[in-house]
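Reader: Hi! Could you walk me through this model before I set anything up?
Author: Happy to, here it is.
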Amino acid sequence: MTTLQTSPPSSAWSRWRGAILAYVLVAPPLLLMVLLIFIPALQSIVRTLTIDVEGQSGFSFSRYVAFFNDPISVSNLVFTFQIVFLTLIIIFIVCFPLAIYLRFAQGRIAAAVQILVLFPLFVPGIILCYALIRFLGTRGTLDTVLSIFGVTEYRTPYLKPDAIIIGLVWESIPFTVLVLTAGLRQISDSLIESARDVGAGDWTIFRRIILPLITRPVLIAFSLNFLGIFGSYTVPYLLGPAAPQMMGVFMQQTFGQYRRPDDAETQAVITFLICSLVGLLYVRTVASQRIQQEDE
Amino acid sequence: MTSAQPPVSNDFWRTTRRSFTAMIRRDGFGLLALVVLALVILGPLYSVVLWAFAERWRYPSLIPTEFGFKFWEQTFSRADIAAALPFSIVLSLVVTALSALICLPASYAFARMRFRGRQALLLSFLATNAFPRFGLYISIAVIFFRLNLIGTVPGVIMIQLVNTLLLMIWIPTAAFQGIDRSLEEAALDVGASPLRVFIQITLPMVMPALSAALLLTFVNTFYEAQGALLIGLPRIVTMPVLMYSLINSQLVTQYGAIVSFVLWLPSLLLLLVAQKLLRGGYLTAGFGV
């Protein structure tokens, strides 16, 4: 803060009082977060690493050994990775051109595209799943339309991995395009024009000017989509196959149907550990962006 | 190609034609995107809306064979739906109110007060996004399981509150930071009490942001299904949770369609103010961007 403030002369005591009041005000949400995020996560990590033998608890990897020795658990984990990477690739292939288009285009068509891109933000996941079943399912809308054009051998992606990817991409379009477009807006028109004046082509402009400036938005979009897909439940549960399952569905089944909270906890901690690096990347990227904004 | 040269003789037509094709090509992408997006994004919803008003819909007809409201009565006379809808609305209101109560004073402190660790504490709320959501829910559920909070209203309220923290703190904090303080100082100088300044000057200035935060929190909570499913079942059933069973059992297609349609209405409200939300930067605030 560089602005001069006409604050009353503050003694050490009144500064102290102000700080205490501030801590009292910020304590409730922090407490809630500690109680409902940090403590459960830490406790899960500690508990999955301990084992009770004849009343004595000790350190052990046995729960993890059991997880990685179980072919079903491993195939679910591998399946989750495959879905995450395929979905991420498709998200970027779809969203990058849209974001670049929305940044530079003007006019009615661009406005309409913008509205459609934002639209999925206003469709809750559970309704999306129902809609996709009606749309993609056998004898659904797509099947009907194709049959009108004489295509009869429609094979539905519903209950196959493809349907999970379709649903997840559909859900993440608005956020990804919003973040990428916001990043692209930081690039001024004059910068691109001057590059053009000295003879830079579209590709050079993209690689030399646009790409470095949108690293941060790309990292945010990547990390949040990664975490979102890894931690998803509704879309894979309702649209995906019964086996293999994504980790969210697997955990819910272990906890809710098989009533094995311990095993579900191990599965949860494995997802934490896998996602921890990406989570850190997300927090670091947003933090550096925020600190930079406050300095400006 | 895009440089505007003064048209000279027959070069004129060539440049015009070139810029025209360039325009077609540029708008061509827009047109293509528009058509594909309309099909992919509106297509699925088309089926839902039409199914909600269909008495009968035989394959391979593109629109329902018979329109009507017969199933609306049936849907809302189902005991589970009649109970879940008001419960969901009240639950979302309670969660939103609690969230505001907990977070708004904190956001004022984050924006206006100076204290050690302010920035770090504010950033720590990003943790709500930094975990794979369902894994975190499982961790919470294991603790709630031992505390006998599974299947209770307090349990569901708590898990839904976690989801509201980031939005309810970051949007108002940005708003309190963004207001021009000279008005407040002027009012204080002419002798207004701090409380009066807050109510008559500060509050009106942050009102758009506060209402955006409240609206987004309410709608997000209303649609929150995964936490409520894991913590709430078997005794607590919200509308989105009910949708899982309506989809899985598929007794009558119309039930799911009608419930989807009704559930979707609050979201349409958001759509109406979407431009405002977008311009205020509120839509991405929930992601910490």
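The chat below goes through the chains, their contact and the core.

Author: A word on conventions: residues are numbered from 1 along each chain as its sequence is written, and chains are lettered from A and ligands numbered from 1 in the order in which they are written. This is a predicted model, where local features need pLDDT of at least 70 and side-chain atom pairs count only at pLDDT 80 or more, while totals for chains, interfaces and linings use all residues.

Reader: Thanks! How many residues does each chain put into the contact?
Author: Chain A gives 82 residues and chain B gives 77 residues; two residues are in contact if their C-beta atoms, placed from the backbone, lie within 7 Å. On the side of chain A that touches chain B, the largest share is 17 residues from helix H1 (residues 12-48) of chain A. Helices here are DSSP runs of H or I with at least four residues, strands are runs of E with at least two, and both are numbered from the N terminus.

Reader: And how does that side of chain A divide into nonpolar, polar and charged?
Author: It has 61 nonpolar, 17 polar and four charged residues. Nonpolar covers Ala, Val, Leu, Ile, Met, Phe, Trp, Tyr, Cys and Pro, charged covers Asp, Glu, Lys and Arg, and the others, Gly among them, are polar.

Reader: Switching topic: which residues have the most contacts inside the largest nonpolar core?
Author: Those are A:Cys129, A:Leu132, B:Ala141 and B:Ile171, in a core of 159 residues. Such a core is a set of buried Ala, Val, Leu, Ile, Met, Phe, Trp, Tyr and Cys residues joined through C-beta atoms within 7 Å. Buried means 20 or more other C-beta atoms within 10 Å of a residue's own, exposed means 12 or fewer, and partly exposed is in between, with C-beta atoms placed from the backbone. Helix H7 (residues 153-178) of chain B brings the largest share of this core, 15 residues.

Reader: What does B:Ala141 touch?
Author: Leaving out residues up to four places away in sequence, B:Ala141 touches A:Phe255, B:Ile150, B:Leu230 and B:Ile231.

Reader: Nice. Why is helix H12 of chain A largely enclosed?
Author: Eight of the 11 residues of helix H12 (residues 247-257) of chain A are buried, so the rest of the structure largely encloses it. Among them are A:Phe250 and A:Phe255. Just after H12(A), A:Arg259 takes a positive phi of about 55°.

Reader: Last one: what helices and strands does chain B have?
Author: Chain B comes to 13 helices and two strands, and buried residues make up 41% of its 289 residues.
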